[in-house]
Amino acid sequence: MASNFSFSRVPDVHVGLGSTGQLAGVAKALRVQAPIIITDEGIVDLGLLNTSVSSLTATGVRPTVFSGVVADPPESILFEALSTARKNGCDGVIGFGGGSSMDVAKVLSVLMVGDQKLGSMYGVDKVIGARMPLIQIPTTAGTGSEATMVSVITTGKTTKAGIVSRTLLADAVILDARLTFGLPPSITAATGIDAMVHAIESFTSVRLKNPMSDFLALKALRLLSTNIRTVMHQSDNAEARQAMLFGAMCAGEAFANAPVAAVHALAYPLGGNYHIPHGLTNSLVLPHVLRYNSPQADELYDQLVPVILGADRPYADKKESALVLAEYFTKLAKELGLPTTLQQMNISKYDLPRLAKEAMTQTRLLINNPRFVSEKDALKIYQQAF
Ligand SMILES: [Fe+2]
């Protein structure tokens with residue numbers, strides 16, 4: 001455990017049922033008069049924006065809604081949003097939705113200030129200059145994007161690239177579980193597992209792991225594992241939904257500082273090539289990466305077993321902890337109705353070598369993994385997940 005460390009987090013967080021009603025006050029504190037709300041059509045159709053928009057307009061703040069975000073957002077969405085923001089004289093950004101909307105909101109807030117080209121922002125610490133005030137309001141409990149300084153943008157047909165910069169860390173976050181009541185069970189399940197993966201990979205990261213990220217990862221895993229089944233069966237259980245949303249943000253803060261690793265590196269090619277939702281791609285490879293990491297990570301996995309399994313913890317010595325977790329997550333995925341093999345996703349076994357090759361490009365993530373992953377290893381993991 002590092003004795004010296006730095007930790008970055010969102011300075012202003014509002015948690016609670018109906019907390020979107022506080023949006024106007026949060027915007028005013030940031031001197032925002034005309035925010036652009038970045039969201040998708042589904043959110044608008046479900047009426048989830050209503051409370052926020054009325055909170056803003058009632059106090060004279062003039063929001064512009066941009067609802068053009070799609071999953072795996074391409075660069076073109078950013079340019080469309082930028083032109084809408086400029087046309088309407090917007091002076092702040094509110095990300096409202098899942099990871100895609102919040103990721104677009106982050107980069108947009110930078111594009112609205114200065115003239116740095118998007119192409120020069122990809123990578124770590126490449127963002128120059130300031131951004132517009134940024135507020136994030138997640139509507140799924142999973143990505144943790146509201147708490148991170150990363151945006152993932154689709155740059156080619158199947159390729160995604162990340163922009164990592166402290167500039168992307170929001171000024172404020174609102175966690176209102178009421179926004180998550182209507183989530184379809186498949187999204188609730190996959191995003192919940194994504195959040196658990198964030199906490200696990202952060203806890204076992206060989207780079208930048210620190211006492212604060214560990215504390216948050218453990219808190220997140222306890223909240224998420226205790227409540228994930230409840231929210232699947234009782235969609236509007238406010239307490240459980242709020243716990244999931246808070247747990248996902250804790251996991252987000254953990255991995256914003258002690259980053260994720262091979263599960264995400266192997267998941268990204270699945271998302272890029274087959275447009276499988278991010279949480280599900282993680283869930284598909286997770287048990288196999290846990291087993292692969294076993295020789296190097298069992299000490300740490302052993303600490304996670306009682307947190308995740310609680311009283312259900314089977315007897316296990318340290319060497320079995322990866323196995324225990326792998327079995328837990330396979331069982332959980334089945335219970336939550338998620339597919340558990342690549343074959344079920346109609347992925348051809350002839351695609352696996354190409355996927356392994358693509359996974360190797362995720363060096364930003366692979367360097368955090370407790371065990372070195374070669375292209376050959378990645379292929380083996382995909383074959384086991386097949
Ligand atoms: Fe993730």
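1. Domains first. In this predicted model, the protein chain splits into domain 1, covering 12-179, and domain 2, covering 182-385. Their C-alpha centres sit 26 Å apart.

2. Now for where the two domains meet. Domain 1 puts 23 residues into the contact, and domain 2 puts in 30. On the domain 1 side, strand S8 (160-164) and S9 are the elements that give two or more residues. As for chemistry, that side of domain 1 breaks down into 10 nonpolar residues, 10 polar ones and three charged ones.

3. Next, the sheet. You'll find six strands in an open sheet, running in the order S1-S9-S6-S4-S2-S3 with parallel pairing. Strand S1 (12-15) and strand S3 (64-66) are the edges, each pairing on one side only. Going from one strand to the next, the twist averages 15°.

4. For one pairing in more detail, look at S2 and S4. Strand S2 (residues 35-38) runs parallel to strand S4 (residues 92-97), and four bridges join the pair. If you want a spot to click on, try Ile37, whose bridge partner in S4 is Ile94.

5. Two helices to check against the sheet. Helix H4 (residues 75-87) packs on it and touches S2 and S3, with its direction at about 155° to that of S2. Helix H8 (residues 238-257) also packs on the sheet, touching S1, strand S6 (134-138) and strand S9 (172-175). The direction of H8 makes about 150° with that of S9.

6. One strand to keep in view is S9: it sits between S1 and S6 in the sheet order, is touched by H8, and gives residues to the side of domain 1 that touches domain 2.

Conventions
Residues are numbered from 1 along each chain as its sequence is written. This is a predicted model: local features need pLDDT of at least 70, side-chain atom pairs count only at pLDDT 80 or more; totals for chains, interfaces and linings use all residues. Two strands pair if DSSP finds at least two bridges between them. Axes are lines fitted to C-alpha atoms, for helices over the stretch in contact, and angles run from 0 to 180 degrees between N-to-C directions. Two residues are in contact if their C-beta atoms, placed from the backbone, lie within 7 Å. Domain bounds come from an automatic or database domain assignment. Ala, Val, Leu, Ile, Met, Phe, Trp, Tyr, Cys and Pro count as nonpolar, Asp, Glu, Lys and Arg as charged, and the others, Gly among them, as polar.
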